[in-house]
Amino acid sequence: MSDFPWQSAFEIRDQVAQGGTSAVEVTRAYLARVEELNPMLSCFLTIDHEGALAAAAQVDHGRGAGEALGPLAGVPIALKDNLCTRGVRTTCASKILGEYIPPYDAHAVEALRASGAVILGKTNLDEFAMGSSNENSAFANVHNPWALDRAPGGSSGGSACATAAGLASLALGSDTGGSVRQPAAFCGITAIKPTYGRVSRYGLVAFASSLDQIGPMARSVREAAQLLEVIAGHDRRDATSAERETGEYLTACGRGVKGLRVGVVRDLIDGLQDSDVRAGVVAALGALEQEGASLVDVSLPHAEHAVSVYYLIATAEASSNLARFDGIRYGLRVPGKDLTETYTKTRAEGFGPEVRRRIMLGTYALSAGYYDAFYLKAQRVRTLIRRDYDAAFERCDIVCTPTTPTPAFALGEKTGDPLEMYLADIFTLPPSLAGLPAISTPCGLSAGGLPVGLQLVAPPFEEEALCSAAQAVENECGLLGSHPPALA
Amino acid sequence: MADPKITLGQVLHVAKLARLTLSHEEALQMQVQLDAILGYMEGLDELDVSDVPPTFHSIPMDAPLRPDVPERCSDRSETLAQAPASEAGGYAVPLVLEVDS
């Protein structure tokens with residue numbers, strides 16, 4: 001294999017299809033790399049040697065028998081460990097699900113298997129996807145491959161790290177308030193948060209059901225687009241799954257941006273404290289303009305309230321969703337003197353500090369006397385955030401901001417202050433609250449050599465526009481060809 | 001110092017509602033952290049949203065019912081295998097009612 005481990009998913013598939021290599025050979029090579037580097041990076045929680053080699057052997061067998069190969073035939077992929085995989089431990093990086101083995105596959109996992117992808121294993125995350133640094137995992141801290149003392153971002157930090165470090169070709173994460181985009185920005189890769197309803201949530205362990213979406217993560221825009229094509233589509237097992245035709249995301253990458261109106265949230269970009277992030281965004285805007293897009297100033301006057309709104313709505317939904325973890329039907333049970341004490345002991349011992357904090361906040365926001373003042377008010381302000389985008393999209397086709405206020409912060413830097421950690425999500429939260437599709441793609445490196453991410457947001461179900469624009473950015477200021485220095 | 005947004009007593013009450021036990025030390029720390037977060041959230045009070053409808057669903061969609069057709073569900077033994085305790089084809093739970101045998 002040439003250019004291992006950095007060759008694209010397309011190159012791997014072509015090689016496997018043409019017989020230049022076998023899927024088993026590719027899989028063995030990646031598994032060996034995972035074994036070698038995971039002790040340093042901690043991005044995988046479970047490595048599924050047996051399952052991966054069996055899936056690869058099936059691809060090779062299919063090829064030998066002359067069957068048509070799927071679009072991801074032989075391509076090694078990593079899955080965030082909140083996606084249910086039949087027969088393979090799915091922990092959500094929580095002690096409460098430490099030994100849980102799902103009896104079924106998530107919809108997205110079924111779609112991957114049908115596409116010929118080879119699932120290498122399950123990746124680390126903030127417990128139940130609650131966090132922005134991956135430091136809330138009950139098992140281990142993931143390290144950013146660009147600088148090991150830095151956070152990989154969260155909550156899909158394991159998936160981002162594995163992809164950026166060449167431990168997998170592609171990965172899936174989940175995004176509730178930025179959980180694929182922010183780690184993608186920190187680790188120098190591309191990730192898409194699809195429109196709410198674009199990808200079935202069947203088999204994704206629920207965090208905040210009105211916000212959760214599964215999203216593709218990859219080292220290039222085209223690979224992320226291909227992966228989205230594989231996992232998107234209607235699924236009747238998710239009542240919120242949209243009955244919309246899947247777009248041609250890969251084709252859209254080649255469409256260019258001539259005539260595209262890019263909305264620039266000027267006050268927000270001018271207000272950036274971090275000069276590296278500002279420089280990256282300015283370079284990306286220059287690239288878009290040079291490729292034929294026009295820039296239009298827009299504003300999102302209520303975006304500043306997104307942190308409050310999100311941390312009320314998401315925690316309220318989480319407090320309800322996580323009520324199911326009570327030590328009765330699955331996972332950990334810590335016996336008490338009666339049923340109530342069994343619940344409380346199980347939950348106190350099974351959940352980590354951040355999950356407990358969010359359950360507390362959400363329970364408070366929904367509790368008698370506080371519902372109107374907190375939860376309902378947040379849902380009303382959410383309407384204002386949606387209207388901001390409606391107004392912006394009358395003037396432009398996509399809205400552009402950075403993905404994060406700074407490049408990757410240091411591990412331990414924000415763990416002492418939960419509110420400070422929440423505030424770092426300021427740019428990724430507004431599109432989540434509005435249900436809109438968004439992409440994060442690299443737009444340069446900081447002076448210290450850390451990736452900077454650009455976020456593009458489109459109207460509902462317009463993921464194609466995101467792919468076209470992100471490709472133009474990647475062409476001019478992407479990181480293709482530069483890999484984390486310690487691992488290249 | 002201004003009045004706290006949430007008192008220690010409220011923290012303990014909410015913990016009870018959420019079925020969580022907190023040690024005294026954990027409750028104290030939780031009170032400080034939630035107080036800071038709720039204090040920040042007071043920023044929402046700048047906005048008068050009494051006339052703004054809430055958004056419970058970001059993307060408007062119908063919630064159509066699927067045809068009511070019986071189909072196979074997951075295998076019972078496989079599902080029960082994940083339970084901390086099971087007995088006689090069901091979940092085994094701590095005794096809820098005392099019964100005379």
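Here is a short tour of a predicted model, stop by stop.

**The two domains**

Start by colouring chain A by its domain assignment: domain 1 takes in 9–254 + 404–477, and domain 2 is 304–380. If you place a marker at each C-alpha centre, the two markers sit 26 Å apart.

Next, select where the domains meet. On the side of domain 1 of chain A, 29 residues are in contact with 22 residues of domain 2 of chain A. Now highlight α15 (418–423) and α16 (429–433) of chain A, the elements that each give two or more residues to that side of domain 1. The biggest contribution there is from α16(A), with four residues. Colour this side of domain 1 by residue class and you will find 17 nonpolar, nine polar and three charged residues.

**Helix α4**

Move on to helix α4 of chain A, residues 107–114, and show its side chains: His107(A), Ala108(A), Val109(A), Ala111(A) and Leu112(A) are buried. To see what covers these buried residues, add the surrounding elements, including β2 (76–80), β3 (118–123), β4 (170–175), β6 (213–218) and α7 (221–231) of chain A. Then step past the helix to Gly116(A), which follows α4(A) and has a positive phi, near 90°.

**Val296**

For the last stop, pick Val296(A) in strand β8 of chain A, residues 294–298. Is this residue buried or partly exposed? Val296(A) counts as partly exposed because it has 15 C-beta neighbours inside 10 Å. Leaving aside residues up to four places away in sequence, Val296(A) touches Arg261(A), Val262(A), Gly263(A), Val264(A), Arg395(A) and Cys396(A). Finish with a C-alpha to C-alpha distance from Val296(A) to Ala392(A): 9.5 Å in space, with their positions 96 residues apart in sequence.

Notes: Residues are numbered from 1 along each chain as its sequence is written. Chains are lettered from A and ligands numbered from 1 in the order in which they are written. This is a predicted model: local features need pLDDT of at least 70, side-chain atom pairs count only at pLDDT 80 or more; totals for chains, interfaces and linings use all residues. Domain bounds come from an automatic or database domain assignment. Two residues are in contact if their C-beta atoms, placed from the backbone, lie within 7 Å. Ala, Val, Leu, Ile, Met, Phe, Trp, Tyr, Cys and Pro count as nonpolar, Asp, Glu, Lys and Arg as charged, and the others, Gly among them, as polar. A residue is buried if 20 or more other C-beta atoms lie within 10 Å of its own, exposed if 12 or fewer, and partly exposed in between; C-beta atoms are placed from the backbone.
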